[in-house]
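Here are a few exercises on pockets, cavities and cores. Keep the structure open while you work through them.

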Amino acid sequence: MPDRWIEVNMAALAANLKAVRSRLNDGCRVIAVVKANGYGHGLEVAAKAFADAGADHLAVTTLDEAVRVRAAGIETPLLLFSPSLPEDADHLLEHDLTATVCCTDQILAFSRAAQERGKRMKVHLKVDTGMGRVGCLWTEAAILAEACHNDPGLEFEGVYTHFATAGQPHSALFRHQWDTFHTLLESLDVAGHRPPLAHAANSAALLGDPNVHLDAVRPGTILYGQFPPGVKIPDLKLEETWRFCCRVLQVKDLPAGWTVGYGAEYKCDKPTRIAVLPVGYTDGLTVEPAS
């Protein structure tokens, strides 16, 4: 039996997904983000909880994460945020994964691999509108979108971007990114190349500005019971999704005046019963110098 463990409340995860849906525009889909080991909850546990609760899609960062989700028997549509390499094409097709693309080389390689197997690979085009990380520059996006739309080996399912200042919907950069992406979507509409899913909003953005919900949102943090830094919505009730548990190693009675811990951090002002727990540095409990 372990000395300490985390208990995950799957019902709370499902409840938070339901709470997020209550904030969305009609018809908006939920891409539940389960990257980083399900934000510490366990990748398979979080993925199953959200899949069972009706998430439209799941999203992870890496191919390894995606393969683990599929190995757990979860068949919900699954998006990889990290652009996959051309040599990953076999794995993407084998596990029915949705790839992020942002350059011509990826598009050509994935299309070729799919057509060789008589399949089509689902792809989302990632557009850099100001974040400066993954994605094609927005000025190149229309050409790449056309290539994805017209390619017989690809199913052009989505186009997306990510806000650098998601928690500041009134900031100049947020407005610039949104205007840029919105303009791109309008141009794709006119050209007939817009895919079914356009998405931009993470947890902070979907709470801060309902205008950016589009066809889908990508909640992460709020699904796990926490508001993003600097964001608080009083009428949105989130449930705690986990708790830290441990065994009690010893219970003992200390006399008045006895001290406890490094630096005699605590002093008993009266006879006191204490419990000794197997928790320390490795669990994130630090030592503060006595004042």
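**Exercise 1. Find the strand that gives the most to the lining of the largest pocket, then describe that pocket.**

Step 1. Go to strand S15, residues 272-276: with three residues, this strand gives the most to the lining. Bear in mind that you're looking at a predicted model.

Step 2. Now put a size on the pocket: its volume is about 480 Å³.

Step 3. Look towards the middle. The lining has 15 residues, and the closest to the pocket's centre are Gly261, Tyr262, Val279, Gly280 and Leu285.

Step 4. Sort the lining by class. You should end up with 11 nonpolar residues, three polar and one charged.

**Exercise 2. Work out which residues lie nearest the centre of the second largest pocket, and sort its lining by class.**

Step 1. This pocket comes in at about 410 Å³.

Step 2. Pick out the residues at the middle: of the 21 in the lining, Lys35, Phe81, Arg133, His162 and Arg218 lie nearest the centre.

Step 3. Check the helices. H2 (35-39) and H9 (203-208) each supply at least two lining residues.

Step 4. Do the class count: 10 nonpolar, seven polar and four charged.

**Exercise 3. Locate the cavity and list what lines it.**

Step 1. Just one cavity of 30 Å³ or more turns up in the structure, and the space in the largest cavity is about 40 Å³.

Step 2. Walk round its wall. One stretch of names runs Lys126, Val127, Asp128 and Thr129, then come Met131, Gly132, Arg133 and Val134, and Thr161 and His162 finish the lining.

Step 3. By class, that's three nonpolar, four polar and three charged residues.

Step 4. Link this to Exercise 2: Arg133 and His162 line the cavity, and both are also among the residues nearest the centre of the second largest pocket.

**Exercise 4. Trace the largest nonpolar core, starting from its members that touch the most others.**

Step 1. The core has 71 residues, and the ones touching the most other members are Val34, Phe50, Leu58, Met121 and Leu125.

Step 2. Ask which element contributes the largest share: helix H8 (residues 172-191) does, with six residues.

Step 3. Zoom in on Phe50. Setting aside neighbours within four places in sequence, Phe50 contacts Leu13, Leu17, Ala32, Val34, Ala55, Leu58, Leu223 and Tyr224.

Step 4. Finally, look for a core apart from this one. There's another of seven residues, including Ile31, Val33, Leu79 and Tyr160.

Methods. Residues are numbered from 1 along each chain as its sequence is written. This is a predicted model: local features need pLDDT of at least 70, side-chain atom pairs count only at pLDDT 80 or more; totals for chains, interfaces and linings use all residues. Side-chain values use heavy atoms; hydrogens and water are left out. On a 1 Å grid over the protein atoms alone, a cavity is a set of points where a 1.4 Å probe fits but cannot get out, and a pocket is an open set with protein on both sides within 12 Å along at least five of seven lines; lining residues have an atom within 4 Å of a point. Grid points are joined across faces, edges and corners, and a volume is the space filled by probe spheres set on the points. Ala, Val, Leu, Ile, Met, Phe, Trp, Tyr, Cys and Pro count as nonpolar, Asp, Glu, Lys and Arg as charged, and the others, Gly among them, as polar. A nonpolar core is a set of buried Ala, Val, Leu, Ile, Met, Phe, Trp, Tyr and Cys residues joined through side-chain atoms within 4.5 Å. Buried means under 20% relative accessible area, exposed over 50%, partly exposed in between (1.4 Å probe, protein chains only). Helices (H or I, at least four residues) and strands (E, at least two) are DSSP runs, numbered from the N terminus. Contact means heavy atoms within 4.5 Å.
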